[in-house]
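The exercises that follow introduce a protein structure to a reader who has not met it before. Each one sets a task and then works through a solution step by step.

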Amino acid sequence: MNSADQVLARTYAGASNPSRIGVESAARGVEQSAELALREAGLQRSVITAVGAGLAGTAKPDMRERMRGALQKCFPGAAVIILTDLEAALAAAGEGPAIVLVVGTGSAAFGRDAEGEIARAGGFGPSSSDHGSAYDIGKRAIAAAIQERRGGADSALGRQILAHLRCSEWPVVQHRAQTMPDEIFPPIFPVIAAAADSGDATAQRILVSAAQEVSSLVADVADRLHLRETQFMLAKIGGTIGRSHFFDAQIDAALKLAVPSAQIGKLRISPAEAAALAAKEADVG
């Protein structure tokens, strides 16, 4: 983004959640994305005056400061501002009352009322939240597949999961799920999404439950901000959105029941643009 707020390049790189992959790895992910953008725009790193990063896993002040310090080393002389992914998404919604529902590896809702008061539900990791997320959906699907296997044979969904994970035995899947769950549960979401779209009853049951879970996050935020009787903008983002016609329809239906006053729409700009603008404002300040 240049001084006139024009986007010069958009690129994609690897993971950047420091709470999941570590600060150094997350910083490398941001740095790689920046390098790709600079290359596409034909610019040198020395021209960067401000860096804005909207990153999951940076809600805690100490982690946010550690990440800021790591990026400061990558971009010396530049103003660095760290936002959580939720803060960046809400900023991207524009002004006025709004709630952003994030349904990706994790799940959360983050909102703001007309006075600027904010509230959050979910997004604290799989041990205590993230209900209805890709992680949660994958965990439920594997549990269901193992239960069905005890009946004598693998279900169609179970066979598809094993094939996707390149495993032939459930004990191997269970062991890997215990030691590296992030590499087992979220990655099988596309399998479940495709199965649900094809009419698989187990996959559909899991996604119906997940849709109800994530809609309850929005209802919680709407109640705390007293938005139920007021029209507000509601945006859905995250890696599971737009991947399954069935899941998208279930989420929309659950949201219409939970918060009928919400106007479901799209973010005004991307969260990355919102983070860049916040960095520019910090640099000017």
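**Exercise 1. A pair within one helix**

In which helix do Asp136 and Arg140 both lie, and how many residues apart are they?

Solution. The model is a predicted one.
- Step 1: Both Asp136 and Arg140 belong to helix H5, which covers residues 134-149.
- Step 2: They are 4 residues apart, about one turn of the helix.
- Step 3: Asp136 forms a salt bridge with Arg140, and the closest N and O atoms are 3.0 Å apart.
- Step 4: Asp136 has 14% relative accessibility and therefore counts as buried.
- Step 5: Arg140 has a relative accessible area of 24%, so this residue is partly exposed.

**Exercise 2. Further salt bridges**

Determine which parts of the chain are linked by the salt bridge of Asp252 and Lys236, and describe the salt bridge of Asp223 with Arg228.

Solution.
- Step 1: Asp252 forms a salt bridge with Lys236, with 2.6 Å between the closest N and O atoms.
- Step 2: This pair links distant parts of the chain, since Asp252 is in helix H10 (residues 245-258) and Lys236 is in strand S6, 16 residues apart.
- Step 3: With 23% relative accessibility, Asp252 counts as partly exposed, whereas Lys236, with 18%, counts as buried. The cut-off that separates them is 20% relative accessible area, under which a residue is buried.
- Step 4: In the pair of Asp223 and Arg228, the closest N and O atoms are 2.3 Å apart.
- Step 5: Asp223 counts as partly exposed at 39% relative accessibility, and Arg228 counts as partly exposed at 31%.
- Step 6: A network of salt bridges links Arg20, Asp130 and Asp182. The count for the model comes to 14 salt bridges.

**Exercise 3. The sheet**

State the order of the strands in the open sheet of 5 strands, and identify which strands are at its edges.

Solution.
- Step 1: The strands follow the order S5-S4-S3-S6-S7, and their pairing is mixed.
- Step 2: The edge strands are S5 (118-122) and S7 (262-265), because each pairs on one side only.
- Step 3: On average, neighbouring strands of this sheet are turned by 20 degrees against each other, direction ignored.
- Step 4: Strands of a sheet pair through backbone hydrogen bonds, either parallel or antiparallel.
- Step 5: Strand S6 (residues 232-237) and S7 run parallel and are joined by 4 bridges. Ala235 stands opposite Gly265 in S7.

**Exercise 4. Helices on the sheet**

Find which strands are touched by helix H4 and which strands helix H9 lies across.

Solution.
- Step 1: Helix H4 (residues 85-92) packs on the sheet and touches strand S3 (98-103), strand S4 (107-112), S5 and S6.
- Step 2: The direction of H4 makes about 45 degrees with that of S4.
- Step 3: Helix H9 (residues 201-224) lies across S3, S4, S5 and S6.
- Step 4: H9 runs at about 155 degrees to S5.

**Exercise 5. Positive phi values**

Give the phi values of Asp5 and Arg166, and decide whether each residue is exposed or partly exposed.

Solution.
- Step 1: Asp5 has a positive phi of about 65 degrees, although this residue is not a glycine. Asp5 lies in the segment before helix H1 (18-21).
- Step 2: Its relative accessibility is 41%, so Asp5 counts as partly exposed.
- Step 3: Arg166 is also not a glycine, and its phi is near 55 degrees, a positive value. Arg166 is placed in the loop between helix H6 (156-165) and helix H7 (170-179).
- Step 4: Arg166 counts as exposed because its relative accessibility is 80%, and the cut-off for exposed is over 50%.

**Exercise 6. A surface patch and a buried residue**

Name the residues of the nonpolar patch on the surface, and list the contacts of Asn17 beyond its neighbours within four places in sequence.

Solution.
- Step 1: The patch is formed by Leu8, Leu43 and Val47, which together have about 230 Å² of accessible area.
- Step 2: Val47 is found in the loop between helix H2 (23-41) and strand S1 (50-55), and counts as partly exposed at 45% relative accessibility.
- Step 3: Asn17 is found in the segment before H1. With a relative accessible area of 16%, Asn17 is buried.
- Step 4: Leaving aside neighbours within four places in sequence, Asn17 is in contact with Gly22, Ala26, Ala56 and Gly57.

Technical notes: Residues numbered from 1 in each chain as written. Predicted model: local features only at pLDDT ≥ 70, side-chain atom pairs only at ≥ 80, totals over all residues. Heavy atoms only, no water. Helix = DSSP H or I, 4+ residues; strand = E, 2+ residues; numbered from the N terminus. Buried < 20%, exposed > 50% of the residue type's maximum accessible area, 1.4 Å probe, protein only. Pairing = 2+ DSSP bridges. Axes fitted to C-alpha atoms, helices over the stretch in contact; angles between N-to-C directions. Contact = heavy atoms within 4.5 Å. Patch = residues over 30% accessible without salt bridge, like charges linked within 9 Å, V, L, I, M, F, W, Y side chains within 5 Å. Areas by Shrake-Rupley, 256 points an atom, 1.4 Å probe, with all protein chains shown as cover. Salt bridge = Lys/Arg side-chain N within 4 Å of Asp/Glu carboxyl O.
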